[in-house]
Amino acid sequence: MIVLGLILALLAGGALYLVLTEESTRYVLFGYTFELNHVEMFLAGAASAAVLTLGLWLLSSGSRRTARKHRRLRSAKAEASSRVARLEDEKRELERKLQREHAEREHAEHAERAEREHEPAAGDRLVARGSDNRH
């Protein structure tokens, strides 16, 4: 729509330039000669103004539509980016939680292993002051 509007606006601008540069009411366009009276000149000007107005309207509506589309795209990108950021935060939090659980499990296993190493064996007895109660 923007391109069509630009073409129409340029056509109307070209018609205005043609009228302003000619000194008489005789116009040569693409090898054809036109000689317009006052009414025909007025109608040609009105048609040219209508084409210019239509071209400018097409330009503005196309620009608005493009801007709206870009706004929606920008909004969708921002929403996706915030969603990704939330997921990354959640992932980091879960990784921290997993590391804490892993560290706690290793600590518990280490404590259990240390406890087993310090436990006396079943056949061991505590001997106090050198006496053994074996009869």
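Colleague: How many residues apart in helix 2 are Glu79 and Arg83, and what separation in helical turns does that give?

Modeller: The general idea comes first: an α-helix has 3.6 residues a turn, so residues three or four places apart point the same way. In this predicted model, Glu79 and Arg83 are four residues apart in helix 2, which spans residues 38–118, so about one helical turn separates them. Their side chains meet in a salt bridge, with an N to O distance of 3.2 Å.

Colleague: Are Glu79 and Arg83 buried or exposed?

Modeller: Each falls in the intermediate class, since partly exposed lies between under 20% and over 50% relative accessible area. Glu79 is partly exposed at 46%, and Arg83 is partly exposed at 41%.

Colleague: Which residue forms a salt bridge with Asp89?

Modeller: The partner is Arg92, and the closest N and O atoms of the pair are 2.7 Å apart. Asp89 and Arg92 both lie in helix 2, three residues apart, which is about one turn of the helix. Asp89 is partly exposed, with a relative accessible area of 45%; Arg92 is also partly exposed, with 38%.

Colleague: Which residues are linked in a network of salt bridges?

Modeller: The network links Glu93, Arg96 and Arg100. Within it, the side chains of Arg100 and Glu93 meet in a salt bridge at 4.0 Å, N to O. A reader should compare that value with the cut-off, which is within 4 Å. Arg100 counts as partly exposed at 44% relative accessibility, and Glu93 counts as partly exposed at 37%. The structure as a whole holds six salt bridges.

Colleague: What span should helix 2 have, and how far apart are its end C-alpha atoms?

Modeller: The approach is to set an expected span beside the distance in the model. At 1.5 Å a residue, the 81 residues of helix 2 should span 120 Å. The C-alpha atoms at its ends are 119 Å apart, which agrees with that expectation.

Colleague: Which residues of helix 2 are buried, and what covers them?

Modeller: Buried means under 20% relative accessible area. In helix 2 the buried residues are Ser48, Gly55, Leu58, Ser61 and Gly62. Helix 1, residues 2–21, is included in what covers the buried residues of helix 2.

Colleague: Which residue caps the N-terminal end of helix 2?

Modeller: Asn37 caps that end. One of its side-chain oxygens lies 3.2 Å from the backbone nitrogen of Val39.

Note on methods:
Residues are numbered from 1 along each chain as its sequence is written. This is a predicted model: local features need pLDDT of at least 70, side-chain atom pairs count only at pLDDT 80 or more; totals for chains, interfaces and linings use all residues. Side-chain values use heavy atoms; hydrogens and water are left out. Helices (H or I, at least four residues) and strands (E, at least two) are DSSP runs, numbered from the N terminus. Buried means under 20% relative accessible area, exposed over 50%, partly exposed in between (1.4 Å probe, protein chains only). The expected span of a helix is 1.5 Å times one less than its number of residues. Contact means heavy atoms within 4.5 Å. A polar contact is a pair of N or O atoms within 3.5 Å; within protein, one must be able to donate a hydrogen and the other to accept it, and residues adjacent in sequence count only if both atoms are side-chain atoms.
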